[in-house]
Amino acid sequence: MVPGAAAAAGAVAAATDPLSQPTPLAELAREASVCTRCRLAEGRTQVVFGNGHPDADLMLVGEAPGFHEDKQGLPFVGQAGKLLDRLLEGIGLTRADVYVCNTLKCRPPGNRDPMPDEKEACEPWLFRQIALIEPKVIATLGNHATKQLTGKDIGITRVHGQEQQLTLGGRRILLYPLYHPAAALYTPAMLKVLESDFARLPELLGRELEAPSPIQLAPEPEVPAAVVQLGLF
Ligand code: URA
């Protein structure tokens with residue numbers, strides 16, 4: 001085990017054990033715990049659903065469980081998780097205040113990148129988590145989560161620190177792309193940027209979001225009777 005990982009795991013487990021709560025989110029976690037929608041089910045120790053506050057205003061979405069997460073069943077329990085804890089502490093929050101999960105709920109072998117069909121198979125779990133938690137802000141950690149939730153193929157180096165309003169499940173959400181803590185661990189310049197982007201989270205959490213704009217209906221066209229008779233309208 002990586003030094004410090006046990007202490008970090010203790011802090012994470014103290015946040016919330018998703019399966020021990022009698023809530024809709026716990027019910028969803030139970031459903032996900034036996035998921036076989038993709039090949040990753042074969043190699044996993046367990047599903048890493050996510051954990052934290054079930055009504056968190058801030059949700060953090062990483063890429064996929066790694067070795068330690070797969071063993072312990074909790075997200076971000078290794079070195080990247082320790083950095084995440086430190087960043088949260090810097091803005092006065094703990095894991096118990098936020099909700100942390102990944103785009104993929106199972107560990108890809110050798111920590112390889114998620115494959116498109118795996119992301120597609122796993123995405124409904126993430127969307128159902130978002131619908132139940134109803135966060136105000138979703139911070140996407142790294143390229144995979146950012147591209148998946150924005151639906152755009154724009155890399156994290158171009159969009160980090162730039163919040164954008166999205167409508168997910170009929171609710172307005174601020175999506176806030178951040179560098180992945182695992183990448184920042186080994187790149188001091190990236191760590192500085194991650195720290196300064198992270199420091200804006202309290203302001204974003206306090207922001208009032210615009211209501212979703214109602215669908216603008218175009219005026220009814222005048223359709224000649226002959227066209228209606230053709231069955232085109
Ligand atoms: N990296 C991730 O993206 N997620 C984890 O849970 C751990 C490391």
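The exercises below work through a predicted model. Residues are numbered from 1 along each chain as its sequence is written. In this predicted model, local features need pLDDT of at least 70 and side-chain atom pairs count only at pLDDT 80 or more, while totals for chains, interfaces and linings use all residues.

**Exercise 1. The chain as a whole**

State the secondary structure content of the chain and the share of its residues that is buried.

Step 1. The chain has 12 helices and 6 strands; these are DSSP runs, helices being H or I of at least four residues and strands E of at least two, numbered from the N terminus.

Step 2. Of the 233 residues, 41% count as buried. A residue is buried if 20 or more other C-beta atoms (placed from the backbone) lie within 10 Å of its own, exposed if 12 or fewer, and partly exposed in between.

**Exercise 2. Helix 2 against helix 6**

Determine how helix 2 and helix 6 are oriented and which residues meet.

Step 1. The axes of helix 2 (residues 24-32) and helix 6 (residues 116-133) come within 10 Å and cross at roughly 170°. Axes are lines fitted to C-alpha atoms, for helices over the stretch in contact, and angles run from 0 to 180 degrees between N-to-C directions.

Step 2. The two helices are therefore roughly antiparallel to each other. Angles over 145 degrees count as roughly antiparallel, under 35 as roughly parallel, 65 to 115 as roughly perpendicular and the rest as oblique.

Step 3. From helix 2, P24, L25, L28 and A32 meet W125, R128, Q129, L132 and I133 of helix 6. Contact requires C-beta atoms, placed from the backbone, within 7 Å.

Step 4. By class, this contact has 7 nonpolar, 1 polar and 1 charged residues. Ala, Val, Leu, Ile, Met, Phe, Trp, Tyr, Cys and Pro count as nonpolar, Asp, Glu, Lys and Arg as charged, and the others, Gly among them, as polar.

**Exercise 3. Two residues with positive phi**

Compare the settings of F76 and E134, and decide whether each counts as buried or partly exposed.

Step 1. F76 is not a glycine, yet has a positive phi of about 50°. F76 sits in the loop between helix 4 (67-72) and helix 5 (79-90).

Step 2. F76 counts as buried because it has 30 C-beta neighbours inside 10 Å.

Step 3. E134, also not a glycine, has a positive phi of about 50°. The loop that holds E134 runs between helix 6 and strand 4 (137-141).

Step 4. E134 has 15 C-beta neighbours inside 10 Å and therefore counts as partly exposed.

Step 5. F76 is also among the residues that surround the ligand, which include E63, E69 and N102; a residue belongs here if its C-beta atom, placed from the backbone, lies within 6 Å of the molecule. The shell around the ligand has 6 nonpolar, 3 polar and 2 charged residues.

**Exercise 4. The surroundings of helix 7**

Explain why helix 7 is described as largely enclosed, and name what covers it.

Step 1. In helix 7 (residues 143-150), 6 of the 8 residues are buried, so the helix is largely enclosed by the rest of the structure.

Step 2. The buried residues are N143, H144, A145, T146, Q148 and L149.

Step 3. Their cover includes strand 2 (58-62), helix 6, strand 4, helix 8 (156-159) and strand 6 (171-178).

Step 4. Just after helix 7, G151 takes a positive phi of about 70°.

Methods
Contact = placed C-beta atoms within 7 Å.
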